[in-house]
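Here is a friendly briefing to read with the structure open beside you. It goes through two helices, the nonpolar cores and the aromatic rings.

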Amino acid sequence: MSLEQAAAVPTAAATALHATSLAGVWPTPALGNSNIALVHSAAGGVGDMLCQVLRLQGVKVVGIVGMASKVEHCAADIVIDKSSKRWFEEASALAPEGFCAIFDANGAATLAKSYQLLSRNGRLVVYGFHSTLPKVDGGLGLLSPWTWLMMALDLLRMPRFDPMALTLDSKAVLGFNLSFFADEHRLVERYVGQISDWLQAGKLTHPAVRTFPFADTRGAQGALQTGRTVGKMVVIA
């Protein structure tokens with residue numbers, strides 16, 4: 001494994017482990033009737049790791065990607081290309097009883113429908129809001145008034161989850177921010193240990209890597225915002 005490949009693993013794998021821990025499928029397998037999970041943005045760095053970890057835990061994985069070119073980069077058992085198929089209907093047909101866990105970093109664009117797809121005792125894990133963030137600005141370094149308006153509309157469309165409905169549906173919505181890991185030393189040590197064990201055993205592979213020189217950090221951010229990248233991007237000093 002190269003230095004760049006090694007650099008791509010820790011944050012993506014640790015995010016995936018924490019997400020699957022919240023979902024109740026790691027470190028012990030899921031106990032409910034449903035044993036199928038849905039991963040949005042499944043060809044990205046975290047999505048790739050989520051697919052691998054879930055499969056290691058014996059969970060069947062349906063991955064959603066945004067374009068046909070990403071299908072071959074997805075480690076899920078079944079891949080839905082939402083650029084050519086209606087992802088909600090496809091996912092519903094694949095899991096009529098619902099998914100035991102759904103991992104969603106899109107935001108307002110998919111959260112409400114993700115919740116609908118959960119099985120009884122299913123868990124929706126939220127770890128980002130990609131669809132709400134601004135896209136590339138054409139190199140101007142500024143966001144247009146239209147972009148600000150669209151961001152505001154997305155925030156208004158963000159679903160609100162009623163505690164009574166969660167109780168009656170027997171579903172859970174959980175979220176986390178990777179920045180809190182800095183103070184969770186025992187948690188990080190546990191995750192790094194598990195990741196290392198899987199890597200050494202050949203059970204886990206690094207995501208696809210695209211590198212950028214430090215001087216082109218802005219180019220890396222711009223590439224990320226296009227939504228066309230796969231795997232992880234690594235900036236080299």
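Contact here means that heavy atoms lie within 4.5 Å. With that in mind, the buried residues of α1 pack against α2 (45–56), β4 (99–104), β5 (118–126), α7 (185–200), β7 (209–213) and β8 (232–236). Please keep in mind that this is a predicted model.

**Helix α1**

- Helix α1 covers residues 3–22, and at 1.5 Å a residue its 20 residues should span 28 Å; the C-alpha atoms at its ends are 30 Å apart, which agrees.
- There is a bend of about 30 degrees in α1 at Val-9, and a proline, Pro-10, follows within four residues.
- The buried residues of α1 are Ala-8, Val-9, Ala-12, Ala-13, Ala-14, Thr-15, Ala-16, Leu-17, His-18, Ala-19 and Thr-20.
- After α1 comes Gly-24, which has a positive phi, near 80 degrees.

**Helix α7**

- For α7, 16 residues at 1.5 Å each should give a span of 22 Å, and the end C-alpha atoms are indeed 22 Å apart.
- Tyr-191, Gln-194, Ile-195 and Trp-198 are the buried residues of α7.
- These buried residues cover an arc of only 100 degrees around the axis, so they sit on the same side of α7.
- If you turn to the other side of α7, you will find His-185, Arg-186, Glu-189 and Gln-200 exposed.
- The cover over the buried residues of α7 includes α1 and α2.
- Gly-202, just after α7, takes a positive phi of about 75 degrees.

**Nonpolar cores**

- The largest nonpolar core has 39 residues, and those touching the most other members are Val-39, Leu-50, Cys-51, Leu-54 and Phe-103.
- At least two residues of this core come from each of α1, β1 (36–39), α2, β2 (60–65), β4 and α7.
- The largest share of this core is that of α1, with seven residues.
- Val-39 is a good residue to click on: leaving aside neighbours within four places in sequence, Val-39 is in contact with Gly-47, Leu-50, Cys-51, Leu-54, Val-61, Val-62, Gly-63, Ile-64 and Phe-103.
- Another core, of 19 residues, lies apart from the largest one, and its members include Leu-38, Ala-91, Leu-111 and Leu-124.

**Aromatic rings**

- How many aromatic pairs does a search of the whole structure find? The search finds seven.
- One of them joins Trp-87 and Phe-88, an edge-to-face pair with 6.0 Å centre to centre and 85 degrees between the planes.
- Buried means under 20% relative accessible area. Trp-87 therefore counts as buried, at 12% relative accessibility, and Phe-88 is buried too, with a relative accessible area of 18%.
- Tyr-127 and Phe-176 form a stacked pair, 6.3 Å centre to centre with 25 degrees between the planes.
- This pair links distant parts of the chain, 49 residues apart: Tyr-127 is in the loop between β5 and α5 (145–157), while Phe-176 is in the loop between β6 (172–175) and α7.
- Are Tyr-127 and Phe-176 buried or exposed? Both are buried.
- One aromatic cluster is formed by Trp-26, Tyr-127, Phe-176, Phe-180, Phe-181 and Tyr-191. Tyr-191 is also one of the buried residues of α7.

Methods. Residues numbered from 1 in each chain as written. Predicted model: local features only at pLDDT ≥ 70, side-chain atom pairs only at ≥ 80, totals over all residues. Heavy atoms only, no water. Expected span 1.5 Å × (residues − 1). Bend = angle between axes of the 7 residues up to and from the residue. Buried < 20%, exposed > 50% of the residue type's maximum accessible area, 1.4 Å probe, protein only. Arc of directions from axis to C-beta. Core = buried A, V, L, I, M, F, W, Y, C linked by side-chain atoms within 4.5 Å. Phe/Tyr/Trp six-rings, centres within 6.5 Å; stacked < 30°, edge-to-face > 60°.
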